[in-house]
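Hi everyone, thanks for coming. I'd like to walk you through a structure you probably haven't met yet, so let's get it up on the screen.

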Amino acid sequence: MQPQAGLSDSAHPELSEQLREQTLLHVIGYEEGWGHWLDQAGLADLCFAQEIQFDTLISALEVAKCGDGFALGRTCLVDDMIRRGLLTAPFAHKVPTAEAFHLVRPAHKYIHPHAEIFRSWLVAEAELEREGGAPGP
């Protein structure tokens with residue numbers, strides 16, 4: 001888990017004084033969000049200029065891409081955006097997270113062919129990522 005910022009944030013702030021001047025973009029529902037990251041970075045008591053909450057990670061990342069704040073992003077979800085220059089990781093500090101994403105489906109029930117195509121694609125992308133390759137668009 002690493003903070004992500006849009007490229008229009010030309011300054012890459014240090015971990016304390018300049019970070020407090022930034023807008024933090026929170027994703028509702030992540031237990032290991034900014035509070036966890038700041039605690040692990042030794043900055044648990046830091047207050048910020050502004051904080052905005054989002055119901056999805058993609059919304060928070062879109063705002064970060066516009067340069068309007070910092071969002072936390074799971075490495076597996078933001079690496080491609082960083083490689084393409086859409087986001088930047090302003091700090092080298094990464095924090096391991098115990099939260100995970102799981103693909104589930106009912107056992108022994110009919111799966112629509114479109115759902116199976118999606119499942120197969122998702123599993124192939126995860127395997128490619130695990131092997132160190134770049135996932136597709």
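Let's start from the outside: how much area does the protein chain expose, and what share of it do carbon and sulfur atoms supply? The answer is about 8600 Å², with carbon and sulfur atoms supplying 55% of that. Keep in mind that what you're looking at is a predicted model.

Okay, the overall layout. We've got 137 residues in the protein chain, and 32% of them count as buried. The chain has 4 helices and 5 strands, and if you read from the N terminus, the order goes β-β-α-β-α-β-α-β-α. As for contacts between residues at least 6 apart in sequence, 78% of them join residues at least 24 apart.

Now, let me zoom in on strand 2, residues 23-27. Is it covered or not? Mostly covered: 5 of its 5 residues are buried. Look at how the side chains alternate, too. T23, L25 and V27 point one way, while L24 and H26 point the other way, and all of them are buried.

Who are the neighbors? Strand 3, residues 50-54, runs parallel to strand 2, and 5 bridges join the two. To get from strand 2 to strand 3, the chain passes through helix 1, residues 34-40, and that β-α-β crossover is right-handed. Strand 4, residues 70-73, is also parallel to strand 2, joined to it by 2 bridges.

One residue to remember here is L24. In strand 3, L24 stands opposite E51, and in strand 4 its bridge partner is F70.

That's my tour, happy to take questions!

Methods. Residues are numbered from 1 along each chain as its sequence is written. This is a predicted model: local features need pLDDT of at least 70, side-chain atom pairs count only at pLDDT 80 or more; totals for chains, interfaces and linings use all residues. Side-chain values use heavy atoms; hydrogens and water are left out. Buried means under 20% relative accessible area, exposed over 50%, partly exposed in between (1.4 Å probe, protein chains only). Two strands pair if DSSP finds at least two bridges between them. A crossover is right-handed if, with the strands pointing away from the viewer, the path from the first strand over the helix to the second runs clockwise. Contact means heavy atoms within 4.5 Å. Accessible areas come from the Shrake-Rupley method with a 1.4 Å probe; for residues, only the protein chains shown count as cover.
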